Number of protein chains: 4
Amino acid sequence: MDLDKLKIARRGPERCEVCLPHGVTVGGGANFTLFAGPCSVESEAQIQETAALVAAAGGRVLRGGAFKPRTSPYSFRGLGGEGLALMRQAADDHSLAMVTEVLHIGQVDLVAQYTDMLQVGSRNMQNFELLEAVGGTGMPVLLKRGLAATVEETLMAAEYIALAGSEQIVLCERGIRTFEPSSRNTLDLNSALRLQALSCLPVIVDPSHGTGRREMVVPMALATRVLGLDGVMVEIHPQPDQAFSDGAQSLDPARLDELAQKLALIPPEAVAEA
Amino acid sequence: MDLDKLKIARRGPERCEVCLPHGVTVGGGANFTLFAGPCSVESEAQIQETAALVAAAGGRVLRGGAFKPRTSPYSFRGLGGEGLALMRQAADDHSLAMVTEVLHIGQVDLVAQYTDMLQVGSRNMQNFELLEAVGGTGMPVLLKRGLAATVEETLMAAEYIALAGSEQIVLCERGIRTFEPSSRNTLDLNSALRLQALSCLPVIVDPSHGTGRREMVVPMALATRVLGLDGVMVEIHPQPDQAFSDGAQSLDPARLDELAQKLALIPPEAVAEA
Amino acid sequence: MDLDKLKIARRGPERCEVCLPHGVTVGGGANFTLFAGPCSVESEAQIQETAALVAAAGGRVLRGGAFKPRTSPYSFRGLGGEGLALMRQAADDHSLAMVTEVLHIGQVDLVAQYTDMLQVGSRNMQNFELLEAVGGTGMPVLLKRGLAATVEETLMAAEYIALAGSEQIVLCERGIRTFEPSSRNTLDLNSALRLQALSCLPVIVDPSHGTGRREMVVPMALATRVLGLDGVMVEIHPQPDQAFSDGAQSLDPARLDELAQKLALIPPEAVAEA
Amino acid sequence: MDLDKLKIARRGPERCEVCLPHGVTVGGGANFTLFAGPCSVESEAQIQETAALVAAAGGRVLRGGAFKPRTSPYSFRGLGGEGLALMRQAADDHSLAMVTEVLHIGQVDLVAQYTDMLQVGSRNMQNFELLEAVGGTGMPVLLKRGLAATVEETLMAAEYIALAGSEQIVLCERGIRTFEPSSRNTLDLNSALRLQALSCLPVIVDPSHGTGRREMVVPMALATRVLGLDGVMVEIHPQPDQAFSDGAQSLDPARLDELAQKLALIPPEAVAEA
């Protein structure tokens, strides 16, 4: 099938805008939206403190995992339903929209009760039943590219969601798997631009997973901005060294502030045209 | 976690044997088992004719898809429950064991009623809920390596199944994604050997998906044999050019016979030690 | 060997500065240097017109190939020595420094007579004799990362040059080979940051080869700037559609101007710290 | 350019045969040639002892490096000219043909004086001047595929040699670079079959570099045999644990014997048709 026949294909200069509560919008051409939060919800204190930091830095969407997919069955797998409630409260207390991952079709109803946006993770990008189930809710969806998925496959996965009932989809590049061992993944900004060129959907970048190294997150977030993409999603933790998961790639509060300040210094005219 | 602490780790010269109906065994050191069948179940006539060909060639397990995961939502997605029943009948009529894919947790009970062995496909290798659900049945499981999964991740995925209740697991290498465009995937026999060295589980190879080219399937199946691995799984269709899916990589009946004949000519003493 | 024992290792906040004629400097922390020019020198008119465009856009180094490595023996392989002379003249006429590729050890003396900086191309990154020969001249060297070279291998290649006599080395990331077909290569900005973190050498990026698509060159050049790297190298042609080679990834004059204007709009405070 | 227009294209069932001294032939359809020897020539005693082992195991070509390309400038780089002479003597003393690597164009004349076949290594597969220089000698050439070279690029590299004057070329697959860390490289037997299908040249496999693990070399050599390819090249050392380089992937004498015995047990009728 030709990619330009897809429902989500780009058909002109207009770009889709995804709308979330608290007046948050993603895409549409004029926004650059900061998604931030912890890898995992760990406790009420942690998520509240983090949400406050996110709001103070100009973040608009609180991210965080209540159910965590883990390579090893022996790793921490999240607080579950309790985490969802804690995160909802923290988002509301700080006027943030909320996004969290749904791992399987049996979980969609529960997660949908709490969150504003359903995240489909990298490992599930071609879990077609899950794509259809989240699409069937009609809710906004954040679709992360698989770590070995092509641009075409990513667009096809979004098409599953659109066909099932939701065109409020944000695509997220989060690093691919290559031969290079010096960073956790290879952040593939080429493909982020291709996704933007081929679809009308907003495209954001996750430099935390895309690099795996805290000191590279701010630079890559700035790069995402000047590329003309639609936002970034970063991991942040009040004390990254004590994080239950992904501490090495989580920003500390000072670096989150640095990111906010530098982003604000980039004039819109310096940004590439989408 | 150290890989040698896993339940499925290799602990000595003994190797696990997975037992299926009709006296079929996979692994254990003395078997080389041929799994064969169509990509998709298309009709009663097609699956009956195929099962007869498989049995005549010495195949022991009938493979075939009733529910097909497809990159594009616009592609053929299988006959569903009707396909399961047709395939069960064909397997029984020809004294073959049966394996078919289960796509999501909502499907496990249905598929388990019909099949002897539950297949977890490449795209689902890290669908941890599905791994636990199939493990929870206690049935034999065929776990296909993800197309960008490492050996370690593949072993961890098998451990999820084992922890959930089934240690009757067969691992299957089916090609990885690399830069090379001249074959559909890159069949990674190195990793098949590594899986065998690190776990006690039987390891088979799928050269149909691993190469994507019909003329390479017989050579790669022979290679799998001399490597000392435990079996191969091949796609076969009575008229490959009319297959609903994967025709280019399906053997025709003559090539299946050639495979059976050449396999029989390899003396056990010529095979590498596992 | 530990990477921090290398001669070229980073030892503190100071960063090396590579000096070229006409007061051009690369690296050192305060420069962002624009290298631009055609893929191949095609004629006197073409290289003169291009050099004028480069100078007008604020470029400081004229790049271009007189000897071209080509995958097929049947492709255009450059003007050779005549191209060197034409390019030298054009660089001098527009007060630009000059860099051009040297393909083998038998060519080093000839190329060194004309150019200010010797380029070692991607395919030659581990041609150790060539590395030693260019290092032995004591001249500035531009070392392009191989398309499947790791960061560590790239640093080791630079070390060969340094040991042979030149520490005036600029590293250049130009895209790696991955599974993704939608762009010519995958521009690996992660590794550009790692090269910068691990060595004192200036690091630049070539988004023309790194993307293979003209419309992605300006965005990626802007990204390179905010990452805190030391420069970009872009291909430009007065009429890209008539270029002898690499037309699809060459900027036209309007896009080169756009790049210069947007770069000028990024305030230094918005750039990530190296 | 269409691949079937190349001089080296396959044009029918006939396959080229490369002839070496001592009546050794590679390719042609009826041979399976064993190339064996140390990674590096280390001393007269070592190369003599190794050559005796190779001859006793039915090997026909002695391989070994006198000039070694090394990632780090601080590693052992071979005995040089002295190594060539020692290796020539050992080959003659045991009626073996000899192949050794030539690293750069300045070395061609010297190496050609000693060896029967010039090897172009992986890192030099697209060193086009070297390809032309070795082709210009008219001697047999062993061309190793680059670790990220496509099948098409490999064929184009061989075409450079053929155009320069030698069509006595043997292609060698030796592993590609992928994301998988559990073996040194990923042996890409798919592409070995593709090289054979697209060209008339003999194709051999180097499982020592292709796996990096001694215990995988014999299995992969057997696999190469049943695939219908033209030979294998393996590293062997009298005491692998004391090898100056590549000890972990070198066979010990017992394993070389095992390889010879198992190869002899595979009947020609069990081998796939080329």
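Q: What makes β1 and β2 of chain B a pair of strands?
A: This is a predicted model. In it, strand β1(B), residues 17-20, and strand β2(B), residues 24-27, are joined by four bridges in the antiparallel sense. A pair needs at least two bridges, so the two strands qualify. One bridge sets B:C19 opposite B:T25 of β2(B).

Q: Which residue takes a positive phi in the hairpin of β1(B) and β2(B)?
A: B:H22 does, with phi near 60 degrees. The hairpin has three residues between the strands.

Q: Why do β8 and β9 of chain C count as paired?
A: Three bridges join β8(C), residues 169-173, to β9(C), residues 203-205. The rule asks for at least two, so they are paired. The two strands run parallel. C:E173 stands opposite C:V205 in β9(C).

Q: Which strands make up the closed barrel of chain C?
A: The barrel has eight strands, in the order β3-β4-β5-β6-β7-β8-β9-β10, with parallel pairing. The twist averages 25 degrees from one strand to the next.

Q: Where does helix α1 of chain C lie?
A: α1(C), residues 44-56, lies across β3 (33-37) and β4 (61-63) of chain C. The helix runs at about 145 degrees to β4(C). Angles are taken between N-to-C directions on a scale from 0 to 180 degrees, so this value lies past a right angle.

Q: Why is the link between A:E180 and C:R145 called a salt bridge?
A: The closest N and O atoms of A:E180 and C:R145 are 3.0 Å apart. The cut-off is 4 Å between a side-chain nitrogen of Lys or Arg and a carboxyl oxygen of Asp or Glu, so this pair passes. Across the interface of chain C and chain A, the rule finds four salt bridges.

Q: How many residue pairs are in polar contact between chain C and chain A?
A: There are 16 such pairs, with both residues at pLDDT 80 or more. On the side of chain C that touches chain A, α6, α7, α8 and α9 of chain C each supply at least two residues. α8(C) gives the most, seven residues. That side divides into 23 nonpolar, ten polar and nine charged residues.

Q: What area do chain C and chain A bury between them?
A: They bury about 3200 Å², 65% of it on carbon and sulfur atoms. C:F179, C:N190 and C:R194 supply 20% of the area that chain C buries against chain A, more than any other three residues. The contact takes 42 residues from chain C and 42 residues from chain A.

Conventions:
Residues are numbered from 1 along each chain as its sequence is written. Chains are lettered from A and ligands numbered from 1 in the order in which they are written. This is a predicted model: local features need pLDDT of at least 70, side-chain atom pairs count only at pLDDT 80 or more; totals for chains, interfaces and linings use all residues. Side-chain values use heavy atoms; hydrogens and water are left out. Contact means heavy atoms within 4.5 Å. Buried area is the accessible area (1.4 Å probe) that two parts lose on being put together, summed over both. A polar contact is a pair of N or O atoms within 3.5 Å; within protein, one must be able to donate a hydrogen and the other to accept it, and residues adjacent in sequence count only if both atoms are side-chain atoms. Ala, Val, Leu, Ile, Met, Phe, Trp, Tyr, Cys and Pro count as nonpolar, Asp, Glu, Lys and Arg as charged, and the others, Gly among them, as polar.
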